[in-house]
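Student: I'd like to learn how to read a strand that sits where two chains meet. Could you take me through one?

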Amino acid sequence: MELVILGKGGQGVLFFSKILAQIAIEEGESVKATEIKGMAKKGGVVEVQMKIGEGYSPKIKRGSADLVILLSPDLEAYGKTFGEKIFTFSKEEIEKAFKEVPLRYVNTYLMGIFLAKTGIFDINKALKILDEENQKSLLKGYAYVQSQNGDFTKRRD
Amino acid sequence: MSERIYLSGNEAIAYGLIASGVRFLTGYPGTPSSEILPTAQKLKLRYKFKGFIDWAVNEKVALEMAFSASLCKIKSAVTMKQVGLNVAMDAFVNSAYIGPKAGFVVVVADDPGPYSSQTEQDSRIAAYFAKVPVFDPSSVEEAYHFAKKALELSEEFEIPVLLRTTTALSHGKADISIDNLKIEDQFQPNFKEELKNWEKEVSKLAATPKQRYLLHKALNEKLKAISERNKIRYFYEGDILILSSGMVFSYLRELIEEYNLQQKVTLGKVDIPYPLKKENFSKFKRIITVEETAPVIELFLNTEGRRNGIVPSEGELSPEVCENILAKIGLISEKKTVIIPPLKRPSLCPGCGHRIGLFAVKKVFGKKAIYTGDIGCYTLALNFGVTDTVFCMGAGVSFATGMKKVFDLSGKERMVIGIVGDSTFLHSGIPPLIDAYHYRVPILLIILDNETVGMTGNQKTPAHTKSYEGEPLNSVKIENIVKGIGIEFVKVVDSYEYKKTLAVLKGAKSYLLENKKPAVVILKHPCIYTKEGLEKNPKKPVKIVEEKCTGCKYCIVEFECPALIWDKDKEKVLIDKTLCINCGCCIYVCPKKAIIEVKDGACNTW
């Protein structure tokens, strides 16, 4: 599986990708990823490309990503150069995350939403690698999607 | 015993070096090499072995210190980015002639692209120039193993070995299998044992030109022996041979499998691009080298590649570019070029002391003045017109000196202001300031002192008073260095004290015009990107008085804080509270006084 995670400095792209990598490793898959740093922290774009269970290099060829995860919706045009299938959080979901959990747990809340909607990883594997507060936040996000009857087939992609 | 861990290429290199016994590691930060040394420091804290692992003032000093440690039979290594190797080149070339007495590895990170460098130079060429063998790993796992192999080769032949990495590898991550480090038993006694019987060897360590000739001859023999055992590894079984090294090899391997070219192509993997021996390739129809970023294997083995336009001569050989190369060879059909939309340019962080400081400089000296910038975060001041030249480390000072001298010779008065960061000043800004003083060149040098190497991830500078292990260190005071040179006008001011900064800069301006001698202003403010810097930063929440904002965009264009954003609907400026750190600096910027401090915390956000 080839994933691209995109966002801006401070949005938690690196955190998000680290958790995804850990879940994949927990599932016994090999993980290769890129991590574009440097100027990124100065308000630029943070971009992680990740190959799970395949490949020799961490780089993803434009157009071949299975899923592009956008933490910043305005990166859609750029994200589409990697692959057609885009995952983004809705405005309501982001607002809900900020309302439901303290700022530092917003990312795990969103991770819960992501896992519930895509089903690409087992939520229990994710819970295993998180501390208690993050677990709570992840479950809240996960439950929010279930309460909305949201499922993978209905999201825009 | 081994374990699987998720590491970056840089982390893997640090693990490899420490696991093979490197106990003296130094370097100078530079993207994409910066994470190697801090990883080794973490390992030292974890395993508590004896050794020295810390930053040097520049790459030349770093290489010399590490090499001298190897002469004392302590396994050593040095890390830097590719342009850093230029700084260290004299020492690097020399180290090959003298040869280390224990393993000595020079880790250099190249930046094809370039992503964050001045040049796309290929350190494998530098290795050839210096007559130093070079390893070019193709994956994170290989980065770990080649770090170990490089040290072994160095140890065996008493020759420096270059370990070359690139941005894609250094910042690439993978879960890899590494040996458990057993540091205490294996390496702890080394220092005492090795240094007990250390003896002088003047004919080598202080060789005369005549002895140098003999050393050169011995070096050539070592290289010949290494080339003899340097074997190319072959994958697949086609009659077109593609040779490669580094990360590019991995992209090619993926593409060959993706397009099922296993019967058409043989992929030759070169682990050590220099020194190579001639190979018999008669069974292949064509031989093409695809390598980053210069022809090295191609020239040595006389193959196709850049010489006949198959491989581009500039830019990173990304998977897409490699795909095009396969198309050019005729193995696959032409691919459509993907047009990549431009991304937002990077800016100084919201609340950065450099921004308000350089805004004040612009206010006093105007846009007519020439601003010779340097390498660091503050290069980004070119976004708001306070940097006109960026060249190489320390050139902000020498460019100011040279340009001012020329303007003086022309008889035309033009203010020239050098801008340099604290770490860059210590790295290579001091010598040109000595010339500016000596030749009475009336430049103003702004030293932006945030007491950290900000751009590369907040590494320690010589101003720090404690090491990463908590050991006391002597703090180097920049103003003392400047005064020590003899410069009379030396002022230090916190750039957050805007009005005071303006007064100091105005004073410097009059001094320059009256005395015709250089002046130095040190603008101090801790980096807010560090945890301590942000915590201690003054808090002054601001808001925009909507009725007063005329939408002139002066603050956005001239101050360029990412937290000041344009509201298209209202045609006014807004504050992005997710980015704003409440520094309050923009209060001084708005010509209409529309940005004001708020006491109650209420403000317009988005």
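Student: Which residues of strand 2 of chain A point one way, and which the other way?

Tutor: This is a predicted model, and here is how its strand 2 of chain A reads. A:Val31 and A:Ala33 point one way, while A:Lys32 and A:Thr34 point the other way.

Student: Are these residues buried or exposed?

Tutor: All of them are buried. The cut-off to keep in mind is 20 or more other C-beta atoms within 10 Å of a residue's own.

Student: Next, the neighbours. Which strand of chain A is joined to strand 2 of chain A?

Tutor: Look for bridges. Strand 3 (residues 45-52) of chain A is joined to strand 2 by three bridges, and the two run antiparallel. Within that pairing, A:Ile52 stands opposite A:Val31.

Student: And which strand of chain B is joined to strand 2 of chain A?

Tutor: That is strand 8 (residues 172-179) of chain B, again antiparallel and with three bridges. You can follow the register residue by residue: A:Ala33 has B:Lys173 as its bridge partner, and A:Thr34 has B:Gly172.

Student: How many residues of each chain are in contact with the other?

Tutor: Contacts between the chains involve 27 residues of chain A and 32 residues of chain B. On chain A, helix 1 (13-26), strand 2 (31-34) and helix 2 (76-79) each supply at least two residues of the touching side. Strand 2 gives the largest share, four residues.

Student: What kinds of residues make up that side of chain A?

Tutor: Eleven are nonpolar, nine polar and seven charged.

Note on methods. Residues numbered from 1 in each chain as written. Chains lettered and ligands numbered in written order. Predicted model: local features only at pLDDT ≥ 70, side-chain atom pairs only at ≥ 80, totals over all residues. Contact = placed C-beta atoms within 7 Å. Nonpolar A, V, L, I, M, F, W, Y, C, P; charged D, E, K, R; others polar. Pairing = 2+ DSSP bridges. Buried ≥ 20, exposed ≤ 12 C-beta atoms within 10 Å, placed from the backbone.
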